[in-house]
Every structure is written in C-alpha cells, then in structure tokens.
Amino acid sequence: MTTQTQDNIIVFDKVNKWYGNNFHVLRDIDLNVRRGERIVICGPSGSGKSTLIRCINRLEEHQEGRLVVDGTELSDDVKAIDKIRKEVGMVFQQFNLFPHLTVLENLTLSPMYVGKVPKKEAEEKAMVQLKRVRIAEQADKYPLQLSGGQQQRVAIARALCLTPKIMLFDEPTSALDPEMIKEVLDVMVAMADQGITMICVTHEMGFAKAVADRVIFMDQGQIVEQNTPNEFFNNPQTDRSKDFLSKILGH
Amino acid sequence: MAVAPRTPPKKRDWSWRSQAFRGLLYQVIAVLLIGGVVWWLASNTAENMRIRGIKSGFDFLTQPAGFDIGESLFSFDSNNPYWKAFLVGIGNTLRVAIIGIILTTILGTMVGVGRFSRNGLVRGICYGYVELFRNVPVLLQLLMWYLIFTELLPDISEAKNIGPVFLSKGGLTYPGPVWESGHLWILGGLIAGAAAAWAYRRWATTQFEATGKLRSMFWVPLIIVLLAGAAGWVAGGMPNQWQIPTKGEFAIEGGSSLTPEFLAVLFGLVLYTAAFVAEVVRSGIQSVPRGQSEAAQALGLAKGQEMQKVLLPQALRVIIPPMTNQYLNLTKNSSLAVAIGYPDVVSISNTALNQTGRAVECIAIIMLVYLTTSLSTSFFMNWYNSKSAIKER
Amino acid sequence: MADTIIFQSKPAREAPIKTEGLVPWVKTNLFANWQSTVTTLVVGALLLYYVPQFINWAILTATTTTNADACRADGVGACWGVVKEKYRLIIFGRYPFEEQWRPLVATLLMVGLLVASCTRYFWSKWLIIGWVVVLSAFFILMYGSLFGYFDVFGLTKVTTDRWGGLPLTIMLATLSIVLCFPVAICVALGRRSNLPAIRTFCTIYVELIRGVPLISVLFMASFMFPLFMPQGVTVDVLIRVVVGVTLFAAAYMAEVIRGGLQAMPKGQTEAAASLGLSYWQTQFKIILPQALAMVVPGIMNNFIGLFKDTSLVYIVSLYELTGSLGLALNSDADWRPYKLEGYLFIVSIYFVFCFAMSRYSLWIEKQLNKSKLR
C-alpha cells in the first residue's frame, strides 16, 4: 500500500469530526482514493456520508486526524483551502445554482473571478461544458426557468468549468423525478469515462454497478465495508450491509 | 382524424341567469351605492358650509399668510402668501425626510448586519436596540427627544462644546463655510470626477473581461473623485473662509445651526425607523439559502466576491421592497413634527387651517403632498420589481 | 452465509475541543480573533462606563418620595416620586378620581379577553359572544349609562371627553382592530374580484389610505367629519376618531388578508367549486379560515402598530396615555422638571404591551410553520 501513496489523490488518516460536543459524526475514517478512481458512497441517512465528502473541500472542518487532498493537507490555512477548492468541483442535492444569474453567467462566474480567465474564453469554455451536458440551447435562460434535471446538469457543467481534478456529488439525483434522474446519470456516466476522480454519494445502485470502481458503505460515522460493486452487491460481507441492501433492493 | 384549429366563438350569453349579466349588475349596484354615499357627503358638506358661512376654494393661497415660520430653506416672512408658506412646509418635510432616510439606511444596515456579528456583545446590543426602539411609539420618542433637546441640555450661555461645535437648548451650532463662487468649482470638480470614475470603471470592466485582470472597482474611482474635487477647489481660488461659531453672552454667534425641533424630529424618526430597517436587512440576509453560500465557496470564490456576486444581489431583491416601505413610513411619520412645532407641511397646514377655517382645502393639500410622494414611489417600485424579479417559469 | 462479519460500531467519543458550554462560548463569541477581542474590549468598556451611571441615576441616587422639594434638594438622581404622585392621572387621565375603579375593571376585562383570544384553546363561537358582552360591559362601565338615556346600576355618567389614559389607548386599538375586520375582508376580497369596477374601488381605497399619514386621517375625523353630517347631527369626537382609525387600519389589514388569500393554492377554490359551493360559501367556509390563520402574525403586527399609533390621537386632543402624561405634568410647575421620569414610566408601559405582543406573534408564526411541515 505505501508504495502507492503518491498515486492517492485523497488520503483520510484517522479523521474524526464532531458537531457540538457530543455528536460524533465521523469516527476514525481511514480512506485512500486513487487518482482517477470512481467511488460510490452509500449508507442510511445520518451515517455521515455527506459530511465525509464535504470535508474534502472544507465545507466542513474535521477536528482530528489528517486529510490530504492532492498533496495539500487541509488545515485552517486559507491559501490551502483556496487551492483545494479550485481543484475540487462539487454538485449538490439542491443544485444551488445562483437564481439571479443566467445559466451562462453561472458557469463563467468562477472562471472569471477565481481563474482570472478573459470573459470570451470563459464563455467559450462554458459553452463546451454545456454542450457536454447537452443543454447548450438554454445558456441564456435563468436557472429557475429550467426543469430539475436540466438544473442539475447545469450544476455539473458549472463544477466542470474549473477543470477540477476531483468531482464530488452529494446525492445529485435525490431531488429529481425518475425521468430526470436518468438524464443526470447519463451525463455522469459519460463523465466517468474521462478519467476524472469521482466521489459520489448516491443510492442509485445501477449507476454504482455501471461506473464505480469501489463502493463504500457507511454507518454511524464509520466505513463498514468497501468492495467492488460486483462483490458488494452480490456478496456483502457484514450483517449491516446485508440488512441495508435487503431494504433498498427489496422492491 | 385531426381537427383543424379555429378561434373560439365570441358570443356571450346575456340571459338573466348568466354570469356575465350578474357581474355587470353587481358592479352597477356598487357604483350607484358608492356614488350615492359620496354625493350625500358632498351635499351635506356644501350645505353645512353654506349655513356656517365658510368660504371654499383655493383663492386664500394668494393672501398674505400673516405668520412667521421658525426655519425655512429660503427666506420667508409673514407678508408672503400662503402658497409660499406651504412651499416652506413641503421643503422642511423633504429636508427632514431625505436626511432621515440617509441616516436611517446607514444605522439600520449597521444594526441589521450587526445581528450576524461573530461578537456576542455586538449581537446582543443590536438585538436590544431593535426591540427597545420599535416597541415604543414614535410620537413618544419624538416628544422625549424634544424634551431632552429643549430642557435637559444646558442653556445657551453654558453651551457644551467639542471644539467649534456647540450643543445647547438653542440647538446644534457648527462651523459652516462662507459660500462664495469658488465653491461651485468644487462641485464642478466632483461632477467631473464622478464622470471620470465612471469612465474608469467601464474601462476596468472591459479590461477585466478581455484579459481576466481584476482592478480595484472602489478605491481607485473614489480617489479619482476626491482628486477631481480637490482640483476644483484649487481652480476656484482655494476658498477657505469658514464661519466659526463663538460663544457670545446670550447667544452663539456665527456658524450654521440646526434647531432643537429639527434635531428632535430627526433623532426620533431615524432611531425608530432604523430599528425596522435593521429587521428588514436581517431577514433579507437570512432569506438567501445556505446552499448559495456553500456553492460559492465550493467554486472557490473569495469572501468578498461571494458577498458581492452571489449573496448581495439576492438579498437586495428581498430587502428593497420593504425598505421602500420603511422610507415611506419615515416620510409619513415626519408629519408628527406638528406635535413639537417643527414647521413641516402638516404643521403649516394646521396653522393655515386654524387661521382661515378652510379645513377641506388644507387637509386636501396635506393628503396631496403625501399621496404624490407615496404613489410615485410605489409606481417606481413596481417598475423596479418587475425589472429585477428573478425569472422563474 | 456463514462468514458474515458482525458489524461492531466504534463507540462515540466526546469532542477533544469543546464547542459548547460557557468557556467555549465566550471564546468563540467574544475573543474569536483580534478584531473580535478589540470590539469586546471597546464595547465592554463603554458599557462599564455608562451602565453604572444609568443605574446610579435610576436607582442608587433616585428619590422616591412624593415630594418635589426633596427631588430638587437631591438634584442628582431620578425622581420617581413624580410617578408615585401622578400615576393615577397618567393612567386614567381626567376620569373622575373616585370612579377610577370603573376603567380599571373595564380595562382588565378587555385585556383578559384579548389574552383569551390569543389562546387557541378558546377559539370558538363563544369568543364572538364574549367580545359582544365585554365590549358592551366596557362601554356601560365607562360611560355609566346606556345610549346616554338609561342609568345603569346607579353609576354616574362620565362623558367621553373625560375618558383618558391607558383605558383609552387599549380601547381605541382594540375597537379599531375588531371593527376594521369586516371592512378589511370585504376590501381584500374585492381587490381579488374579477369585476373591474369593484376591484378598482377597492384598490383606490387601499392605495389612497396607505399613501397618507394617519395624522391627516385624524384631522379629517376631527375637522371635516362634522361637515359631512346632515345639519343638526353631531357625532362624539371619540366615535369620529374611532371611525377614522378603523378606516385607516382597514386598508392595512386588507393588504395583510390579501397576502393570505394570494398564498392559498388555487386547488382549494377549484375543489370547492367542484363540490358545488357558491362564491360566498367558498370564501367563508374554505378560503378565509385558512387564509386568516396563515396571516395571524401579520394581523398581530398590525395590531402592535395600531397600539402605538393610538398615541397620535393626542394631537386631536384626546388624552390617551401619551396625552394624559402631558395633562398630568405640563400644568404642574413643581413636577414639570421631572417629565423625563414620567416619559420613562409610560415608555415602559408601551414596551411591556408591544414586546409581549411581538413575542406572541413570533411564537404563533413558529406554530404555523410547524403545522405546515406536518
């Protein structure tokens, strides 16, 4: 394992996190993510999945242990946080598009102000991303004029505009109708082929089977089991994951 | 088989039981009823005025007013006609309202933002301020300030001063420049500076869009404006004559001054309205969902950019309509000045009413002045709202 | 399968760095960084300088004897004797001294019913009957006779020009808010009507009233109302003011109610129509009950505003709380210098009422949000 360290783009080393004094949300998390790896995290609600990935771009701060992202250790250092956020894209459950900006402006905001890219270039790049998520014709509309699935695709495009090395997905399809789930997953599957590191919190087992290199199952703030999708779904090792799978695959 | 589209038939059913007929009937009844009541009131009024020998009409406006006004933006004496007295009143109302709105905005925003301070002491004080000042009638606050300014401050002969600024029962006296034509140059310089700053900002924006290089959008324009103002001052021959108030035996001589009435109205209105403005600002900031700030952070925007590009534009859309309401409230509440004798338009109308007995006309003037302000503001706001509304489907 | 691993959860620990409790609170809220520390020190110093001065003035060196000379001799602290000496005049205005138990009882009844009306437990038909009974009792007690003709229980008649103080404040606010309700509901429905003439009238009314200050409406009630009435009909100034304030409050209340009506989903009207209910049945049985419940906080805020605004009637010579303070002190040369203490006394009365009501409004808003989530 140690020989692979420089190939690990994310390293969690005994990471602990609390909300308040007594709510222990992440307990001794050890996790290495290889460059280009595609990981799906699942588990019951309140198991700390979202908190885990939100630690990676420091939307949440951990209190104990080491967390290294692409060679930079996350601490209170503002410069480190700025650097990480340029390299890590994030897609939220509630899209979080900026409703007062057009789709195109949503996409160019960060490249222009953070990446210091000229406007024209930023717009060209944005259009490329919009074409990639198959929504280029909506560029001049406002987010709330789009359907949920379209909004989430815009959100993915927005995160891609910074050409991140890592993409985090926090339950990207949970707020969508079944039909829209498919259009978003299609975009994500297409993205998975391009070698970007992806960490995705989701319960879409079809997606996990099709795309993921590894499935991580979490409960009570701990990693209970991790395995290839095939093994995890067909041959779960622990009682807790069996129980969980029987519930979500039960019908 | 597809059916060819066609336009709907236009005919309406006008039978006794049709909705269209019923609707018309209700409206005719309503118009007749309201018209009848108005006619009844008007004829009563006409009859009463005839019996009591009250003259009506606005001809009194050209007669000499016969009373003096304590403070005025332009010269006025008792021989001037009533219409000029009303103009003085409107001027005084606008003066206290405009200065009040500016101060209220500053104070209210500070307190509203202070509610989110990381410092617990600041949060507590802001909360206490809001609860205390908005739960006491504004009239009572005006009266209290008036009491403080006219009775609890030292006499003029013992005026307190910080340097050349004197505060006493006589009001606030402070140094004012001796106006000469050179000051116009300063004004000209500032205007030219503002134009230059605007041009600079446009240039900086296009540069930013072309090259991605960010330039200061605030400090540089500010310095341009100030430098241009200074240049205007030099060009105008550097006028530096100031009227510095000095304490005489019975009065403070020279300088500019604010009357205790004006100060009391201003303090009362500003402190009262700022408490409401603070709440407006607070709820505006709170109305932006947390996810917006998280998304901005995840995109790597700096704190200032997050505020300027993401949070503020959304919060302002929520803040501006109730804020305008508060501005209108402040303007309407300035009518309470009548209680302490600040000569605003209501106070002047009240005097005119008592002197001429033309109640209908004087009250109509008050209402007209406020209605014009309110309605024009709300037309503007409706236009602004529809323009800035976030587009949804 | 036999090789299932039983998942053993690691026990939760306490956080190594406490974030809750007094010490962490002080650390994060007062001394988080150097800016915060400087602010704390500066603000704290100012508080330490001024608060003791105020306490010193208000309590330590204050005089409480009802003797103006003692106050003058003392000369440093507050003179609460003025409140002790004048409180009945301030609270009850010019109401005859021996009869002041009557406004006291009447006001207590009214306040009691107000509190009951704010409690969900009492929301029923009986509340309306309660209001009718209490309002009649209020006027009988205050006026001492029915319609000015029949004496009741041998009470002496006290004409309205002698009513004043807190009872008048509470009565004006309560009566106006109760009376403005029917008007406001009609206007709110009218503004949403699809009959253009009715819609226009209602819109003009609301915009007109909201565009002018209350004081101009009071001037109208005071100076113009007598001209409106037919020859020989005179209306008591109190009634004129109540009518004026009611019409004023109705415009604002109509906007609050309209907000509730607008927030109602269209499906409710459609469901009612599909059940065959008429327009008025739909409004009164389906729409209004829900819409009104939704805007209770708005109604409360209106009431608080009105409660404070009643102080304006002082300008047209009705001596409610603010006016009666002037009445009590302006003509008394001994006590006049201590008007500030008098003001602070009525400030605290207004504050207690308004603050309590705004807390209630917040509370009920939370309740409503809770029931929305269910």
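This note covers two interfaces in a predicted model, one between chain B and chain C and one inside chain C.

1. Local features need pLDDT of at least 70 and side-chain atom pairs pLDDT 80 or more, while totals for chains, interfaces and linings use all residues. Residues are numbered from 1 along each chain, chains are lettered from A in the order written, and side-chain values use heavy atoms, without hydrogens and water.

2. Chain B and chain C each put 56 residues into their contact (heavy atoms within 4.5 Å). About 4,900 Å² is buried between them, 72% of it from carbon and sulfur atoms; buried area is the accessible area (1.4 Å probe) lost on putting two parts together, summed over both.

3. Two salt bridges link chain B and chain C (a side-chain nitrogen of Lys or Arg within 4 Å of a carboxyl oxygen of Asp or Glu). A salt bridge joins B:Glu131 and C:Arg359, at 3.1 Å from N to O.

4. On the side of chain B that touches chain C, α1 (19-52), α3 (120-134), α4 (138-152), α7 (260-287), α10 (345-356) and α11 (359-388) each supply at least two residues. The largest share, 14 residues, comes from α1(B). Helices are DSSP runs (H or I, at least four residues), numbered from the N terminus.

5. Chain C has domain 1 (95-158) and domain 2 (165-373), with bounds from an automatic or database domain assignment. Their centres, taken over C-alpha atoms, are 20 Å apart. Domain 1 of chain C gives 12 residues to the contact and domain 2 of chain C gives eight.

6. Between these domains of chain C about 1,000 Å² is buried, with 87% from carbon and sulfur atoms. The count of salt bridges there is zero.
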